[in-house]
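Visitor: I am new to this structure. Please take one part and look at it closely.

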Amino acid sequence: MELGTIIFLLIIVGLIGYVVSIYNRLVRLRNQVRNGWRQIDVQLKRRHDLIPNLVETVKDYMSYEQDTLRQVVEARSRAVATEGKGPEASMAAEQGLSGALGKLFALMENYPDLKASQNVQQLMEELASTENRIAFSRQHYNDSVMAKNVAVESFPSNIVAGLFGFRQDQYFEVETHERAVPKVSLR
Amino acid sequence: MARQPCPECGADNRVGATTCRLCGGALSAEAAQRPAVREKLLRRTDFVSAAHANRQATTRLILLLLAIGATLGYVIGWNMELFLSEQAWERDSIWFLSEWGVWAALLLLGLSLVWTTIAMKAGDRIVLRMTGAREVSREEEPVLHNVVEEMAIAAGIPKPGVFLLETDAMNAFATGLSARRSAIGITRGLLEGLNRDELQAVVGHEMGHIVNLDMRYATAVSTLVGLIALVSDAAWRIVYVSGRAGAGRAGRVGRGSGGRGGGNAGVLVAVLILFLVAALAPVFAKLVQMAVSRQREFLADATSVRLTRNAQGMISALEKLSKSAKPFSGANRATQHLFIVNPFKHFPEKASRLMATHPPLEARIRRLTNLGA
């Protein structure tokens with residue numbers, strides 16, 4: 001009788017420990033997803049901060065392209081207005097900004113002096129890097145979502161997930177026309 | 001003679017096997033054509049299972065190292081008991097379960113664990129000093145800093161320290177025992193010789209070493225190997241001393257008890273076994289270390305592609321690295337396994353396959369091409 005009780009208690013303790021470890025893993029995965037989401041915002045903000053510098057630097061060289069510059073500035077302020085509301089809300093505004101920037105970069109090809117300028121080169125590198133960071137932070141977000149979704153869906157962690165209300169997350173979907181945005185090239 | 005080496009990693013395999021038991025690569029071109037083998041090869045290009053298989057292989061290899069150490073310990077203890085314990089001389093043969101041997105084996109296992117723990121806690125920044133790398137600021141090398149930060153974002157870890165080695169040779173390394181505290185080092189030659197995509201691939205490779213915690217394993221493994229070498233050194237001394245003492249005692253016992261006991265022949269066998277184990281243990285340990293190291297290079301390449309989503313960058317970076325022939329003086333035997341390509345080029349590749357820390361570059365490029373296809 002006593003041995004039976006001990007074995008029973010051991011099984012219960014083992015089971016609780018197992019559930020706790022699964023729960024902790026789910027919490028870790030959920031935080032990874034949240035952190036990934038915030039990373040995208042951070043990178044978008046970085047991009048917004050860089051653009052006024054770029055406009056300021058190229059203004060003197062590109063006096064005939066005031067229209068394009070104005071478009072970049074306007075697209076930026078629209079994107080800034082959506083800051084902090086999550087990447088989903090800012091998607092359209094960011095796309096407009098990418099488009100305006102792409103046009104500016106294409107025009108800059110016509111100004112060899114401008115391209116040779118040390119300042120402009122540095123800014124271009126920073127912007128190129130920011131574009132990469134945005135892409136990589138979305139990629140990492142999606143990887144985190146996948147890890148969490150696998151845990152939420154697969155047995156036995158799905159039981160614990162159901163018990164404590166862990167839900168599947170949405171992937172960050174890039175619309176087809178945004179994929180066509182020209183990549184900034186430094187070479 | 002019933003062995004065939006793997007063309008990719010150099011591990012010995014049974015004749016008739018189709019895939020390498022160590023790296024999983026096809027052992028011959030015709031074997032690679034068979035459907036079952038093709039499926040195996042395809043599965044190997046899947047990152048998640050590759051990482052899983054890699055971890056399993058590493059665990060197995062570390063256990064193997066511990067077993068080598070324990071065997072060495074047992075044989076030493078057994079010899080000591082033979083020569084130093086009065087009781088052992090009352091026995092009829094030298095073959096018995098040696099209590100001293102068991103204790104020595106346990107002692108060595110405990111020592112390995114303690115030693116490894118200490119190395120894990122203390123020894124990572126030493127590597128940076130050994131290679132002569134210098135930390136560079138964001139102002140000095142903005143592109144390098146950006147690339148490292150991009151890859152850190154892709155991997156979801158804090159940004160590692162950025163170090164530069166002032167040499168024309170093309171190479172890179174990573175160090176750090178946890179993802180929170182790590183560093184990436186790049187040579188000047190690499191920074192100038194590669195374009196941005198290729199640089200990103202190389203940094204992604206090093207980031208792969210960091211996220212896969214390769215340094216932790218490498219530290220554990222090299223500490224164990226070092227310990228085994230040290231103990232086998234000590235064993236050599238025991239062979240020398242006990243050989244003399246044993247001969248003396250055997251003579252005495254022989255006289256006293258009319259030729260009973262192990263006798264001279266038995267002592268000779270025991271010393272010979274100790275001699276053999278002491279000689280072979282460090283060699284086996286070294287082979288295991290190199291096998292771990294080669295596995296990790298393949299996985300880091302694959303991780304780089306997962307992070308950059310661009311296999312071509314890694315392929316062309318490796319091609320440039322294989323063409324660059326400039327030797328690199330900053331590396332030594334203790335740090336060579338850290339680098340993206342083996343810093344010692346003068347070692348003929350075929351001759352050194354078993355002892356190589358890195359798989360041949362062609363094999364790495366071939367695997368990446370498989371990924372893209």
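Guide: Start with helix α2 of chain A, residues 66-81. Helices here are DSSP runs (H or I, at least four residues), numbered from the N terminus. Helix α2(A) has 16 residues and reaches 23 Å from its first C-alpha to its last. That is close to the 22 Å expected at 1.5 Å a residue; the expected span is 1.5 Å times one less than the number of residues.

A word on the source: this is a predicted model, where local features need pLDDT of at least 70, side-chain atom pairs count only at pLDDT 80 or more, and totals for chains, interfaces and linings use all residues. Residues are numbered from 1 along each chain as its sequence is written, chains are lettered from A and ligands numbered from 1 in the order in which they are written, and side-chain values use heavy atoms, with hydrogens and water left out.

Now look around the helix. The buried residues of α2(A) are A:T68, A:L69, A:V72, A:A75 and A:A79. Buried means under 20% relative accessible area, exposed over 50%, and partly exposed in between (1.4 Å probe, protein chains only). These buried residues sit on the same side of α2(A), because they cover an arc of only 125° around the axis. The arc is that of the directions from the helix axis to the C-beta atoms. An α-helix has 3.6 residues a turn, so residues three or four places apart point the same way. Turn to the other side of α2(A): there, A:R78 and A:A81 are exposed.

Definitions and conventions. Helices (H or I, at least four residues) and strands (E, at least two) are DSSP runs, numbered from the N terminus.
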